[in-house]
Amino acid sequence: MKLTVNGEAYEANEPGSVTALLEEMGIGARAVVVVLNDEVIPASSRTTCGLREGDSVDLFRLVGGG
C-alpha cells in the first residue's frame with residue numbers, strides 16, 4: 001500500500017491500521033501524535049483506524065523538556 005509519511009513516499013508491507021503502520025516502522029507504542037489526512041488520530045483509535053491507498057500520515061514525536 002502506497003502512503004505518504006511525513007511528506008515522503010512510503011510503501012507499507014501490510015495494509016491495516018495506524019497501529020500496524022507504527023509497529024512496521026519500529027515506532028510501536030512510543031509517544032507520537034498521528035495525523036491522518038489532516039485529522040489527529042487519538043491513541044485510543046489507532047487500532048481501529050484503517051489506512052487506505054494514498055493516505056497521508058504525519059508523525060510527531062513528543063519531546064519533554066523546558
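Two strands count as paired if DSSP finds at least two bridges between them. By that criterion β1 and β2, which run antiparallel, are a pair, because 4 bridges join them. The structure discussed here is a predicted model. Its strands form an open sheet of 5 members with mixed pairing, and the largest nonpolar core holds 16 residues.

**Sheet layout**

- The strand order across the sheet is β2-β1-β5-β3-β4.
- β2 (8–11) and β4 (39–41) are the edge strands, each pairing on one side only.
- On average, neighbouring strands of this sheet are turned by 35 degrees against each other, with direction ignored.

**β1 and its two partners**

- Within the antiparallel pairing of β1 with β2, the bridge partner of T4 is A9 in β2.
- β1 and β2 form a hairpin with 2 residues between them; N6, in the turn, has a positive phi of about 50 degrees.
- With β5, β1 pairs in the parallel sense over 2 bridges, and V5 stands opposite V57 of β5.
- The faces of β1 are unlike in cover: L3 and V5 make up the covered face, whereas K2 and T4 make up the uncovered one.

**β3 and its two partners**

- β3 is mostly covered, with 4 of its 5 residues buried.
- β3 runs antiparallel to β5, and 5 bridges join the two strands; V32 has R61 in β5 as its bridge partner.
- β3 also runs antiparallel to β4, here through 3 bridges, and L36 has E39 in β4 as its bridge partner.
- A hairpin with 2 residues between its strands is formed by β3 and β4. N37 lies in the turn and has a positive phi of about 50 degrees.

**Nonpolar core**

- In soluble globular proteins, nonpolar side chains tend to be buried together.
- Of the 16 residues in the largest nonpolar core, those touching the most other members are L3, L22, V34, L51, V57 and L59.
- At least two residues of this core come from each of β1 (2–5), α1 (18–24), β3 (32–36) and β5 (56–61).
- Which residues does V57 touch, not counting residues up to four places away in sequence? The contacts of V57 are T4, V5, N6, L21, V34, V35, L36 and L51.
- V57 is thus listed both among the core residues that touch the most other members and as the residue of β5 opposite V5.

Key
Residues are numbered from 1 along each chain as its sequence is written. This is a predicted model: local features need pLDDT of at least 70, side-chain atom pairs count only at pLDDT 80 or more; totals for chains, interfaces and linings use all residues. Side-chain values use heavy atoms; hydrogens and water are left out. A nonpolar core is a set of buried Ala, Val, Leu, Ile, Met, Phe, Trp, Tyr and Cys residues joined through side-chain atoms within 4.5 Å. Buried means under 20% relative accessible area, exposed over 50%, partly exposed in between (1.4 Å probe, protein chains only). Contact means heavy atoms within 4.5 Å. Axes are lines fitted to C-alpha atoms, for helices over the stretch in contact, and angles run from 0 to 180 degrees between N-to-C directions.
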